[in-house]
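Please walk me through this structure in the viewer, one selection at a time. At each stop, tell me what to pick and what is there.

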Amino acid sequence: MTSTATTPAKPAGFGLTWLGVAPFFVFAFLFLILPTLYLLVGAFQDPHGNFTLQNFRDLAQDSIVAAYWISIRISAASAFIGAICGFFIAYAVIGGGLPGWLRSFVMTFSGVASNFAGVPLAFAFLATLGRLGLVTILLRDLFGFSLYGAGFNLLTFWGLTLTYLYFQIPLMVLILAPALDGLKKEWREASAILGASTRQYWTMVALPILLPSIIGATLLLFANAFGAIATAYALTGSSLNIVTILLYAQIRGDVLHNPNLGFALALGMVAITSLSNVLYLWLRARSDRWVK
Amino acid sequence: MKRSPLQSWIVMALAALYFLVPLIATFEFSLRLKRGEYSFEAYRIVLSDPRFQNSFLYSTTLAVATIIIGTLLIVPTAYWIQMRLPRLRPVIEFITMLPLVIPSIVIVFGYLHVYHSGSWLPMTSSPLATDTLLTFAYVVLALPYLYRSIDTGLRAIDVRTLTEAAESLGAGWATILFRVILPNLKSAVLSGAFLTFAIVIGEFTIASLLNRPAFGPYLQLVGANRAYEPAALAVIAFLITWACMGLINIVGVVKHRAPADGR
């Protein structure tokens, strides 16, 4: 490529060139960055506007730590289980010798299910595994097995995790499919020629290549579940105190009795989702070297 | 990878069990309103509820406004980045990814403090102002998907040649953008638009905290007060999502779906 091809056809003035992207930056600043910055600054202030770290010390109270902890556990469990199930499904449709129409069906369904979240998802699981749900009733009538008598409850850690998996697994399938497509047939053949067993191929060739993608996608699933609120809120009301529901209650009615503590609570959430996203981007940059 | 597909079929069967049973159960539950018989009574009640109609219309209007504003914001920006400021691409990509990092409840929390009725820009002081703020919030939520979709579309066409050809025929920048570039991006914009629609139509958190009568808060309200109608609404919501995804397949752009969304 010659240098004339990369320079603009009509060099505009400095100001004019930047004017083209000004609306986007103004919009992003006003409606994305400024509101977040406001919380960031507020988290380091006391109610009178003086600098303080007290808000972060106050986060250590039992109810807040418990809220973070259950959010982290649900997000981690749904991300981890979702990643494993998603991997097997994606591998089954891509490399598992299944007919082609099934692959396109699974991909479309994954697009639908990964977006079928929020309030309607909660309704669906209440109709399935709630006290009057179809599965609960069928288990009782056909097998005489009382699901709730056995200690199951949809409004708990496992209930919510099971519900989140409905959008986590399809999301994993969607993210992982390109990486699995990138596994070259030649690698498999080459390892077979060199005498590798299927197990050796997986542990020494395929998994090392896929691992950054898999871990990266798991982190993304974690952040996805961590910021979710609508499903949990519609499912449990406020009986399961995850951190998004606590923040919702704080925004509605200052349940923490300290607006600045609310800012710190929000900032803590952003810190956790940022961390998992930064790790994801770093891992994706590594995996891109292999999987094109 | 030539193996017996038996294991794959077992995986598929288990997946089908997990993913189809809730759909069947929801549908079955939605028919149970009348004691002792299956009927579509729950659907009739829901569909004839004026609050259903109003909130659905409200959210649809907002979704369309979101798509229009988002497209008008992203297409010129992505075009300009491609043509004149390629070095800004990483910055724009970073900003458009931020809504996936910052949960929407945090964003609306910030709005309520920055744009409250006594602030320099009181965007929560009247219904119309709040509707505008809610629409802007949805544009923010849609940024990752719209930007990726449009950017992929722009890379697939020869923007520079099209621009130079239009310029040599005497076209101004508005003509270039709206009569040359935009028509070439039709499928990219449409697939981003349907995904945006699917996200906006059921959004709960932001609409609820801004106190607007959107479809998401309506769903939540019905869920808290009724038994069988929520199942009917879930079936309807599932069909809407399915329709959006089907339309994306039909407009036919290979989508690299941006990962995750903070719901």
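Start by selecting Ser117(B), which counts as exposed because its C-beta has 11 neighbours inside 10 Å, and the cut-off for exposed is 12 or fewer. Keep in mind throughout that this is a predicted model. Ser117(B) sits in the loop that runs between helix H5 (104-114) and helix H6 (127-156) of chain B. Leaving out residues up to four places away in sequence, Ser117(B) touches Pro122(B), Thr124(B) and Ser125(B). Now add Ser168(B) to the selection: 51 residues separate the two serines along the chain, and their C-alpha atoms are 50 Å apart.

Stay in chain B and select Asn211(B). Asn211(B) is in the loop between helix H10 (205-209) and helix H11 (215-225) of chain B. Its phi is near 60°, a positive value in a residue other than glycine. As background, most residues other than glycine have a negative phi. Is Asn211(B) buried or exposed? Asn211(B) counts as exposed, because there are 12 C-beta neighbours inside 10 Å.

Chain A offers a similar stop at Asp254(A), where phi is near 45° and thus positive in a residue other than glycine. Look for Asp254(A) in the loop between helix H13 (243-253) and helix H14 (259-287) of chain A. Asp254(A) counts as exposed because it has 12 C-beta neighbours inside 10 Å.

Next, go back to chain B and show helix H3 (residues 50-83) together with helix H8 (residues 173-184). Their axes come within 11 Å and cross at roughly 85°. H3(B) is therefore roughly perpendicular to H8(B). To see where they meet, select Val75(B), Pro76(B) and Tyr79(B) in H3(B), then Leu177(B), Ile181(B) and Leu182(B) in H8(B). The residues of this contact are six nonpolar, no polar and no charged.

Now display both chains and look at where they touch. How many residues of chain A are in contact with chain B? There are 66 of them, in contact with 70 residues of chain B. Helix H3 (residues 22-43) of chain A gives the most to chain A's side, with eleven residues. By class, that side has 47 nonpolar, 18 polar and one charged residues.

Select Val119(A) for a closer look at contacts involving both chains. Val119(A) belongs to helix H7 (residues 119-129) of chain A. Val119(A) is buried because 30 other C-beta atoms lie within 10 Å. Not counting residues up to four places away in sequence, Val119(A) touches Ala230(A) and Ala234(A) in chain A, and Gly202(B), Phe204(B), Gly216(B), Leu219(B), Gln220(B) and Gly223(B) in chain B. For a distance within chain A, add Val278(A): it is 159 residues from Val119(A) in sequence and 29 Å away in space, C-alpha to C-alpha.

Then turn to the largest nonpolar core, which has 170 residues. The residues with the most contacts inside this core are Ile89(A), Met172(A), Leu176(A), Ala266(A), Ala137(B) and Ile150(B). Select Ala137(B) from that list. Apart from neighbours within four places in sequence, Ala137(B) is in contact with Phe31(A), Ile107(B), Val108(B), Tyr111(B) and Ile206(B).

Finish by colouring chain A by pLDDT. The chain averages 87, and 93% of the residues score at least 70. Residues 1-10 of chain A stay under 50, and the model has four contacts beyond four places in sequence for them.

Key: Residues numbered from 1 in each chain as written. Chains lettered and ligands numbered in written order. Predicted model: local features only at pLDDT ≥ 70, side-chain atom pairs only at ≥ 80, totals over all residues. Contact = placed C-beta atoms within 7 Å. Helix = DSSP H or I, 4+ residues; strand = E, 2+ residues; numbered from the N terminus. Nonpolar A, V, L, I, M, F, W, Y, C, P; charged D, E, K, R; others polar. Buried ≥ 20, exposed ≤ 12 C-beta atoms within 10 Å, placed from the backbone. Core = buried A, V, L, I, M, F, W, Y, C linked by C-beta atoms within 7 Å. pLDDT = per-residue confidence, 0-100. Axes fitted to C-alpha atoms, helices over the stretch in contact; angles between N-to-C directions. Parallel < 35°, antiparallel > 145°, perpendicular 65-115°, else oblique.
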